[in-house]
Amino acid sequence: MLAFGFFPNGNPCFGLQSGLNYAIIHPGGLVDTPGGQEDFVLDVDDKITSYHNKTRISREDVADLCVAALGINQNCSFDCITIPRVNVNGSGPKTADQALAEFLEQSKTANYAFQGQVERD
């Protein structure tokens, strides 16, 4: 089971106490363009903005990343954008599944392990 969600005040700790696997996906600016046309760029800690000045991603590509995250059995958190594809030997862009698998192999996911109790009003 994988939990997706939005968290109060940007704090994911409220949702992580459930013990379910989670994927926290931070997309760049959402655009209404067809998905699957550009290369995915996945990273953590807002590093994408340091090497890309246009931080955008199609809504369809974000949806594809959400579906790809359903197929993994680990917690992950990442930022994501897409960039125009540079044609390399006639190959097309990687799928969301491929991009996410390659990203997770690098062990570059944020750690949201909860270390204490949440105070509730």
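**Note on the nonpolar core and the α3/α4 packing**

1. In the largest nonpolar core, which has 18 residues, those touching the most other members are Leu42, Leu65, Phe78, Cys80, Leu100 and Phe103; such a core is a set of buried Ala, Val, Leu, Ile, Met, Phe, Trp, Tyr and Cys residues joined through side-chain atoms within 4.5 Å. At least two residues of this core come from each of β2 (21-27), β4, α3, β6 (76-83) and α4, and α4 supplies the largest share, 5 residues.

2. This is a predicted model, in which local features need pLDDT of at least 70 and side-chain atom pairs count only at pLDDT 80 or more, while totals for chains, interfaces and linings use all residues. Residues are numbered from 1 along each chain as its sequence is written, and side-chain values use heavy atoms, with hydrogens and water left out.

3. Leaving out residues up to four places away in sequence, Leu42 is in contact (heavy atoms within 4.5 Å) with Ile48, Leu65, Phe78, Asp79, Cys80, Ala99, Leu100 and Phe103.

4. Asp43 lies in strand β4 (residues 39-43) and counts as buried because its relative accessibility is 5%, where buried means under 20% relative accessible area. Beyond its neighbours within four places in sequence, Asp43 touches Ile48, Tyr51, Phe78, Asp79, Phe103 and Lys108.

5. Helix α3 (residues 59-70) and helix α4 (residues 96-105) have axes that come within 8 Å and cross at roughly 60°. On the α3 side the contact is made by Asp64, Leu65, Ala68 and Ala69, and on the α4 side by Ala96, Asp97 and Leu100; these residues divide into 5 nonpolar, no polar and 2 charged.

How values were computed:
Axes fitted to C-alpha atoms, helices over the stretch in contact; angles between N-to-C directions. Helix = DSSP H or I, 4+ residues; strand = E, 2+ residues; numbered from the N terminus. Nonpolar A, V, L, I, M, F, W, Y, C, P; charged D, E, K, R; others polar. Buried < 20%, exposed > 50% of the residue type's maximum accessible area, 1.4 Å probe, protein only.
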